[in-house]
Amino acid sequence: MENQKEPGGILKENQDDKPGIINEIPEIKIFGKGEGGDDGNESRQIRRSLFMAIVAIAVICIAVGIYKAWDAFRDFDETIMEEKDKQFYSLISSEDINIENALNSFCREADTFFARNRLEELRSEWAESGRKDSSGLKKYIESNTMLANPLYADMLITDGEKILVSASGNKGYSFRTEADGRGLRICSDEEGRYYMAYEAEGKGGIRYEALLSLEQLYINALGGSPARGVMLMDSTSALVIRQRADQIEITSPADEHDEGTDKLISFMTDCQGSQESHGMSFELEGPDGNPYTARMIVQPSGKTTNGEFAIGIAADFDEALKPSRNAAEKILVYGGMGVAGVIVLLFMLLIMRRANTASANELEILRKKNNAMAELNQNMQALAHHQRLETIGTMTASIAHDFNNLLTPIMGYSMMAAEMLPDDQAEIQDYMMEVYNASVKAKDIVQRLADLSKKGKEESFRDLDPVEIIRSSLKVTLPAKPKNVEVRGRFSSGHAKIRGDQTQVSQLVINIVLNAYDAMREAGGTLTVSTRIEDGWVAMRFKDTGTGMDAETLSRIFDPFYTTKESGKGTGLGLAIVHQICDTHGGKVYVDSEPGVGTEFRINFPMIEDDEDFRKGTTKVIRADEIRERLDQQTEY
């Protein structure tokens with residue numbers, strides 16, 4: 001960038017116009033005594049008038065600027081509120097599906113047991129005895145197939161409201177509501193514990209009742225985390241279920257609560273009455289006595305999939321607004337300092353007699369102020385980027401949680417089905433074990449997805465051989481390797497070890513290798529994988545001769561969900577996971593890439609053994625045909 005002298009002695013930067021950057025300062029000529037008038041009085045009057053005009057303009061600009069800044073941040077607060085509400089509705093939808101799945105699963109299991117021929121035989125015998133001897137029937141329902149279900153609490157046989165037989169022997173249950181169209185109703189025992197009973201009509205004028213624990217339903221379906229602030233209310237508005245500290249609390253809306261809880265419950269009751277989804281902000285008092293703003297979103301039972309419970313989520317809204325408010329304060333403070341500096345500069349220009357020299361000096365100072373404002377703008381952009389990454393982490397954790405909930409019944413039912421099969425059905429048992437094993441692998445993959453939003457646990461770290469990890473990972477990725485791609489290995493790290501989680505480090509290698517295969521899939525090429533020791537680090541290098549990346553793509557490759565692949569062929573999580581794993585293990589990742597030449601990833605992990613024998617190492621070249629030969633001879637590469 002060059003500075004060129006303009007007529008009148010004012011310096012002008014040769015640059016594009018940018019917001020917040022002053023490109024040109026008009027020349028201001030200061031009249032001295034006897035200049036521009038007949039006497040000194042006239043020149044002083046002109047200077048005074050000019051000074052007052054500049055001060056008035058500055059004051060007006062400051063007032064308008066402050067007002068507009070606050071107005072803009074009010075709009076920003078509203079935008080954040082709308083985004084938070086969308087996140088809450090998304091979480092409510094997820095929790096709703098979890099509750100629906102749990103209820104459906106429970107009802108299906110109950111129907112399966114109630115339809116058993118043996119149960120009907122025992123009921124008939126009991127009926128023929130004049131309902132006097134229920135020991136056989138009681139013993140049978142005591143060992144019912146629902147015992148393995150974590151929601152199961154008890155099983156009853158009733159006639160109207162009278163309990164005839166109980167699997168647990170407890171007949172002190174009271175039914176609080178009538179059964180709905182699904183056959184569910186609320187009941188409680190003598191100790192004040194609440195249950196949901198699934199009712200099915202049996203022969204001989206009796207009814208079967210399978211009781212599920214509402215406390216366990218909350219824990220299983222919603223995760224049991226107090227920090228999430230999830231509250232349930234049954235469709236009749238008779239019960240409120242929420243978590244306080246380490247226990248699930250089930251109360252009536254009419255019971256006595258603290259002032260903040262009463263506000264939230266009252267809002268849920270109103271939403272239930274109108275059967276409309278709403279959001280509202282509340283001024284509450286925290287445990288430390290300090291007031292804060294809470295935001296609550298409620299989905300009434302009539303608009304939920306499960307149809308049995310209204311779902312409300314409440315969170316501290318001040319925490320969401322804190323970054324924007326802090327940024328607003330900083331902008332106002334630093335902006336005020338910048339405006340004050342400009343006013344001081346203009347004042348100095350007005351009182352200095354040598355206009356040209358003063359203008360040049362003040363312009364240099366003004367450029368420095370502009371650079372500071374530009375740096376502040378960059379910091380604001382970095383802050384906004386950080387907030388986007390936080391949102392992605394939250395959504396990722398929520399999605400991983402939902403998939404885990406879906407996989408759990410698949411694993412459980414496959415094992416139950418395998419155990420229930422007779423011994424002569426070995427082939428079907430093998431099929432069910434394949435379903436179970438696939439579910440376990442899927443659960444592991446979902447766990448890796450969740451690793452994007454949390455740090456690794458050091459208790460799972462152990463000493464690892466990086467060469468063995470690379471070999472086993474290449475073996476895993478071999479089926480995905482294009483035929484026109486050659487893999488070479490040069491391992492010069494000897495027996496040096498690193499400390500870390502074997503699954504995560506393997507995932508890192510697999511992700512980089514698969515990306516390299518994709519980059520060379522069309523034109524083919526060579527992937528060179530090597531290790532060596534560099535100043536106390538074990539360095540892994542992955543160099544391919546693929547398509548490479550330009551500077552813009554290279555700057556975003558570690559952003560979650562950013563991908564250059566076609567829709568459906570990439571999630572954009574692979575390199576984000578690589579970056580997260582490196583950070584968790586105290587490592588470093590470097591990338592060099594050039595379009596049309598290829599890409600090289602360099603991963604450095606701290607070496608945990610500082611032995612001269614480890615530093616000597618040996619070099620070994622492994623080609624693709626040797627990899628295939630070893631796969632035929634051994635189970636591990």
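This report walks through the main features of a predicted model, starting with the whole protein and then moving to its parts.

## The big picture

Let's start with the overall numbers. The protein has 637 residues, and 40% of them count as buried. It holds 14 helices and 22 strands. The accessible surface comes to about 35100 Å², with 51% of that belonging to carbon and sulfur atoms.

What about contacts along the chain? Taking the contacts in the protein with a separation of 6 or more, 62% are between residues 24 or more positions apart.

## A sheet with β4 and β5 at its edges

Look for six strands forming an open sheet in the order β4-β3-β8-β7-β6-β5, with antiparallel pairing. At the edges stand β4 (162-166) and β5 (174-175), and each has a single partner strand, so one side of each is left without a neighbour in the sheet. As background, strands of a sheet pair through backbone hydrogen bonds, either parallel or antiparallel.

Now zoom in on the β4 end. Strand β3 (residues 152-159) runs antiparallel to β4, and four bridges join the two. Along this pairing, D159 stands opposite K162 in β4, while T158 stands opposite I163 in β4. Helix α2 (residues 117-128) packs on the sheet and touches β3, β4 and β8 (207-213), with its direction at about 125 degrees to that of β8. Helix α3 (residues 135-142) packs on the sheet too, touching β3 and β4, and its direction makes about 70 degrees with that of β4.

The link between β3 and β4 is a hairpin with two residues between the strands. In that turn, G160 has a positive phi of about 70 degrees. Is β4 mostly covered or mostly exposed, given its place at an edge? It is mostly covered: four of the five residues of β4 are buried.

## A sheet with β11 and β12 at its edges

Further along the chain, six strands form an open sheet in the order β11-β10-β9-β14-β13-β12, and the pairing is antiparallel. The edge strands are β11 (247-251) and β12 (278-285), each of which pairs on one side only. Neighbouring strands here are turned by 25 degrees against each other on average, direction ignored.

How many bridges join β12 to strand β13 (residues 291-299)? There are eight, and the two strands run antiparallel. One facing pair to look for is E283, which stands opposite T293 in β13.

Two helices go with these strands. Helix α5 (residues 259-274) packs on the sheet, where it touches β9, β10, β12, β13 and β14, and its direction makes about 165 degrees with that of β12. Helix α4 (residues 214-222) lies across β9 (230-234), β10 (240-244), β11 and β14 (309-316), running at about 125 degrees to β11.

## A nonpolar patch on the surface

Next, take a look at the outside. I62, I66, W70, V339 and I343 form a nonpolar patch on the surface, and together they have about 380 Å² of accessible area. Which helices supply at least two residues each? They are α1 (40-114) and α6 (317-351). Helix α1 gives the largest share, with three residues.

I62 is one of the patch residues, and its place is in helix α1. With a relative accessible area of 33%, I62 is partly exposed.

## Two residues to look up

L406 sits in helix α7 (residues 355-420). Its relative accessible area is 40%, so L406 is partly exposed. Where does the chain bring L406 in relation to A102? The two are 304 residues apart in sequence, but their C-alpha atoms are 10.0 Å apart in space.

T526 lies in strand β18 (residues 525-534). Is T526 buried or exposed? Its relative accessibility is 18%, and buried means under 20%, so T526 counts as buried. Leaving out residues up to four places away in sequence, T526 touches E486, R488, M520, K543, D544 and T545.

Key:
Residues numbered from 1 in each chain as written. Predicted model: local features only at pLDDT ≥ 70, side-chain atom pairs only at ≥ 80, totals over all residues. Heavy atoms only, no water. Pairing = 2+ DSSP bridges. Contact = heavy atoms within 4.5 Å. Axes fitted to C-alpha atoms, helices over the stretch in contact; angles between N-to-C directions. Buried < 20%, exposed > 50% of the residue type's maximum accessible area, 1.4 Å probe, protein only. Areas by Shrake-Rupley, 256 points an atom, 1.4 Å probe, with all protein chains shown as cover. Patch = residues over 30% accessible without salt bridge, like charges linked within 9 Å, V, L, I, M, F, W, Y side chains within 5 Å. Salt bridge = Lys/Arg side-chain N within 4 Å of Asp/Glu carboxyl O.
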